[in-house]
Amino acid sequence: MTTTRSARVPSGLLWTLVLAGALAAPAAAASDALTPPAFHGPRESPAWLSLRLGSAAAGSGTSRSKAEPEVGAPTWVRLNLGLTATWRRYCARPGVDSCGEYDRLPEEDQLGDTSDFSSSHPYLGLALEAEVLPLARHESSVLRGLGLLLGVQRGFSSSDVTLTGDGGQTPVREVSATDTAFTAQALYRFYFRFGTTRPQQGYVGARAGIQTRAFDVEASADNPLSGTHRVFPSVALDLSVPLFASVRLDASGGLLLSPRPGHSPDADGGRRALEVRDFGTSVSSFGWSAELGVTGDIWGPFGYDVAWRLAHFKDRFSGAGTLTGWDDGGATEETYSSLHVGLIATY
């Protein structure tokens, strides 16, 4: 009896331990799954999260580059409305190739009618220029610098005029006059970059087209001076160099090809022919232009422009003119000096 009871107790204890182990295994697995990550050492960020962050950073950089274009980058349209002050000088001398040559002659050889004109007051007026570059925003296109320049300028003033001849010098007369100029040119610009932290752009370019310059004086019986009217082709080279973030230096030089007087874009009934007939039977002309100034930014799409511009014309007449002493032609010279102060708007 005793032996039989002792054998049964170990057998029942064994089954009890097996059942407890089976129940404890799932509990241990569940406890391991619920253990905080800190107890399992450091873990790396998921790969998809780092890729997302990199993509977002790249996207924000692209949006910043679009929101902050390079300083001086070309724009589609550029309008320049400015105030102008223009001074004009004019001289006419018979039998020579230039006014300076005549003035160096001995006094006894200075024969014939001569004219001198200088603006005692500047011709105040307005100037409007428009530049259009339809492909300016296409950075990869070689045609981004191709465009068109249109301009008009008009000024008004009164000046003192004297006429010197064999009989002496006429009294000084005050003459009212207007100065008008038109420009229509095709242009091309090659843009280059400055700087690394915030890029700036300058350019070199060329222009070619048609220009006009008309100086009209009042029609009166005692007016000894006639006006000049010119229509001529022209070519020019331009340079714009960034100096600071909001200041650029602009310079240009051009040739005025055969700017002969006596030509006007409007019908004049033959009156313009007198501009040649007074001095000779034919005329050959040459001219040049130059500009130096600064442009910069004010706020947003608005900027400023300050420039000094020169235009010089030289006419050489041949044949007999109607004025005294102009039996074998002579020379006239005309110079316009202009100060421009403008407000720029770009798009």
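**View 1. Arg316 and Asp97 form a salt bridge with closest N and O atoms 2.4 Å apart.** The model shown is predicted. Arg316 sits in strand β11, and Asp97 sits in the loop between β1 and α3 (99-103), so this pair ties together parts that are 219 residues apart in sequence. Arg316 is partly exposed, because its relative accessible area is 28%. Asp97 is partly exposed as well, with a relative accessible area of 42%. A search of the whole structure finds 13 salt bridges.

**View 2. Asp116 pairs with Arg93 in a salt bridge.** The closest N and O atoms are 2.9 Å apart. Asp116 belongs to strand β2 (residues 114-118) and Arg93 to strand β1, so the contact ties together parts that are 23 residues apart in sequence. What is the burial state of each partner? Asp116 counts as partly exposed, at 32% relative accessibility. Arg93 is buried, because its relative accessible area is 6%, below the 20% cut-off.

**View 3. Arg207 and Asp238 meet through their side chains in a salt bridge.** The N to O distance is 2.7 Å. Strand β7 (residues 200-217) holds Arg207 and strand β8 (residues 228-244) holds Asp238, so the pair ties together parts that are 31 residues apart in sequence. Are these two residues buried or exposed? Both Arg207 and Asp238 are buried.

**View 4. A network of salt bridges links four residues.** The members are Arg88, Arg230, Asp315 and Glu334. Side chains of opposite charge can pair when their charged atoms come close. Arg88 lies within the residue range of strand β1 (residues 77-94). Asp315 falls within that of strand β11 (residues 302-318). Glu334 falls within that of strand β12 (residues 330-346). Arg230 falls within that of strand β8 (residues 228-244).

**View 5. Cys91 and Cys99 are joined by a disulfide.** The S to S distance is 1.9 Å. A search of the whole structure finds 1 disulfide. A disulfide is a covalent bond between the sulfur atoms of two cysteines. The torsion about the S-S bond of Cys91 and Cys99 is about 100 degrees, so the disulfide is right-handed. Cys91 counts as buried, at 12% relative accessibility. Cys99 is buried too, with a relative accessible area of 5%.

**View 6. Strand β12 pairs with β1 and with β11.** Strands β1 (residues 77-94) and β12 (residues 330-346) run antiparallel and are joined by 17 bridges. Strand β11 (residues 302-318) pairs with β12 over 16 bridges, also in the antiparallel sense. Which residue of β12 stands opposite Leu79? That residue is Ala345. Ala345 is also the bridge partner of Phe302. Ala345 in β12 therefore has Leu79 on one pairing and Phe302 on the other.

**View 7. Arg260 occupies the loop between β9 (247-257) and α4 (274-277).** Arg260 counts as partly exposed, because its relative accessibility is 36%. Which residues does Arg260 contact, leaving aside its neighbours within four places in sequence? They are His229, Arg230, Val283 and Ser285. One of these, Arg230, also belongs to the salt-bridge network with Arg88, Asp315 and Glu334. Arg260 and Gly287 are 27 residues apart in sequence. In space they are 9.5 Å apart, C-alpha to C-alpha.

Conventions:
Residues numbered from 1 in each chain as written. Predicted model: local features only at pLDDT ≥ 70, side-chain atom pairs only at ≥ 80, totals over all residues. Heavy atoms only, no water. Helix = DSSP H or I, 4+ residues; strand = E, 2+ residues; numbered from the N terminus. Buried < 20%, exposed > 50% of the residue type's maximum accessible area, 1.4 Å probe, protein only. Contact = heavy atoms within 4.5 Å. Pairing = 2+ DSSP bridges. Disulfide = S-S within 2.5 Å.
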